[in-house]
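Subject: A structure to look at

Hi,

Here is the structure I said I would pass on. Have a look around before you read the rest of this email.

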Amino acid sequence: RPAPSRSPSSGAAGAGIAAVGESYQKFNPRAYLQNNYMPPRADFSSEDCVVPWKLRCLADAFATGDIYGRTLIDVGSGPTIYQLLSACDHFEEIIATDYLEVNREVLRRWVQDEPDSFDWSPYIKYVCRIEGKGEQWKEKEQKLRGKLRQILPIDVHQPEPLGSQLCQPADALVSTFCLEAVSPDRPSFERALHNVTTLLQPGGHFLLIGALQETFYLAGEAKLSVVPVSEADVREALSKSGYHIHDFRTYLMPPSLKIGVDDVSGVFFVHAQKKAVV
Ligand SMILES: Nc1ncnc2c1ncn2[C@@H]1O[C@@H](CSCCNC[C@@H]2Cc3ccc([N+](=O)[O-])cc3CN2)[C@@H](O)[C@H]1O
């Protein structure tokens, strides 16, 4: 009889993944936004600051004109939308995803322009400025709201991260700070990347942003473990999942931005493309 296929939720790997899921129950979206998406990390007066650097990486990738299609899936959106601002001109539909209902609710409330939503306007203004198309920020805000039509549950540790909800592979993926923050170890990180790759059609583009050599981060009461990865680890994982790397950029976290909310030493940005089947 064939050996039963061992789902990742069984054995030692499963215990580590279950512990991650448990630790996320205390994740506080507001604290997380405060820690990472307000000053000093969100300082738009200098391109040397980490948030402008991330927005520049994404704007440059989409400015190539190589990344476009019908649907883009954002893997592990968390409570943030900044990662979709440069994407929204190039796709008909953008699907946001997260493991936690609290984060999906934060995103839904932003889409519905609820009064207590996080103010992304500094980000939207900055992206309009660097894209240089003379687009008004309220236009871009409304455009993104109009394209964010699905906000779905996801678990990157499942072979089918979106379950049976995904009708067809997406034309592109975006993912920011998710895979390394939800994987107990490197094999799990590589498996999660393999799993999310099934959501992308061959030839599709993947824009991946993540933390380098981070071991923990805080989000209110929650202290979350992160598997520390290097540039070489990320390159190896992408190669194993069948990607060609077009661009790999690294940002070194300056001491002024090491504010105790995590121990991240840098941020990576990768523009990768899933090899077409030969
Ligand atoms: N099994 C799962 N599948 C998919 N998503 C899952 C799963 N479990 C949890 N999630 C979901 O994934 C999570 C994504 S947020 C992860 C935060 N990553 C670390 C944090 C981020 C950050 C941001 C900005 C800067 N910076 O310098 O600008 C640095 C850093 C470094 N620290 C969260 O939304 C959770 O809800």
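Below is what turned up in the pockets and around the ligand.

One thing to keep in mind as you read: this is a predicted model.

Start with the ligand. Where does it sit? The space it takes is the largest pocket, which has a volume of about 600 Å³. On its own the ligand has 750 Å² of accessible area, and the protein covers 99% of that.

Which residues come nearest to the ligand? There are 25 residues around it, and Asp-98, Asp-155, Phe-177, Glu-214 and Met-253 are the nearest of these. Two of those names come back when you look at polar atoms. Asp-98 has a polar side-chain atom 2.6 Å from an oxygen atom of the ligand, while a polar side-chain atom of Glu-214 is 2.7 Å from a ligand nitrogen atom. Asn-103 joins in too, with an N or O atom of its side chain 3.2 Å from an oxygen atom of the ligand.

As for the make-up of this shell, 14 of its residues are nonpolar, five are polar and six are charged. H2 and H3 are the elements that give two or more residues to it, and H2 gives the most, with three.

Now zoom out to the whole lining of the largest pocket. It takes in 43 residues, and Tyr-24, Phe-177, Cys-178, Ala-181 and Tyr-217 lie nearest the pocket's centre. So you meet Phe-177 twice: among the residues nearest the ligand, and among those nearest the centre of the largest pocket. The lining breaks down into 25 nonpolar, eleven polar and seven charged residues. Helix H1 (11–23), helix H2 (29–37), helix H3 (50–63) and strand S6 (216–219) each supply at least two of them. Here it is H1 that gives the most, with four residues.

There is also a second largest pocket, with about 170 Å³ of space. Its lining includes Pro-29, Arg-30 and Leu-33, along with Trp-110, Phe-118 and Trp-120. Which elements give two or more residues to this lining? They are H2 and helix H4 (101–111), and H4 gives the most, with four. By type, the lining has eight nonpolar residues, one polar and three charged.

If you want one thing to follow on screen, try H2: it supplies residues to the lining of the largest pocket, to the shell around the ligand and to the lining of the second largest pocket.

Cheers

Definitions and conventions:
Residues are numbered from 1 along each chain as its sequence is written. This is a predicted model: local features need pLDDT of at least 70, side-chain atom pairs count only at pLDDT 80 or more; totals for chains, interfaces and linings use all residues. Side-chain values use heavy atoms; hydrogens and water are left out. On a 1 Å grid over the protein atoms alone, a cavity is a set of points where a 1.4 Å probe fits but cannot get out, and a pocket is an open set with protein on both sides within 12 Å along at least five of seven lines; lining residues have an atom within 4 Å of a point. Grid points are joined across faces, edges and corners, and a volume is the space filled by probe spheres set on the points. Ala, Val, Leu, Ile, Met, Phe, Trp, Tyr, Cys and Pro count as nonpolar, Asp, Glu, Lys and Arg as charged, and the others, Gly among them, as polar. A residue is near a molecule or strand if one of its heavy atoms lies within 4 Å of it. A polar contact is a pair of N or O atoms within 3.5 Å; within protein, one must be able to donate a hydrogen and the other to accept it, and residues adjacent in sequence count only if both atoms are side-chain atoms. Accessible areas come from the Shrake-Rupley method with a 1.4 Å probe; for residues, only the protein chains shown count as cover. A molecule sits in a cavity or pocket if more than half of its atoms lie within 2 Å of its grid points.
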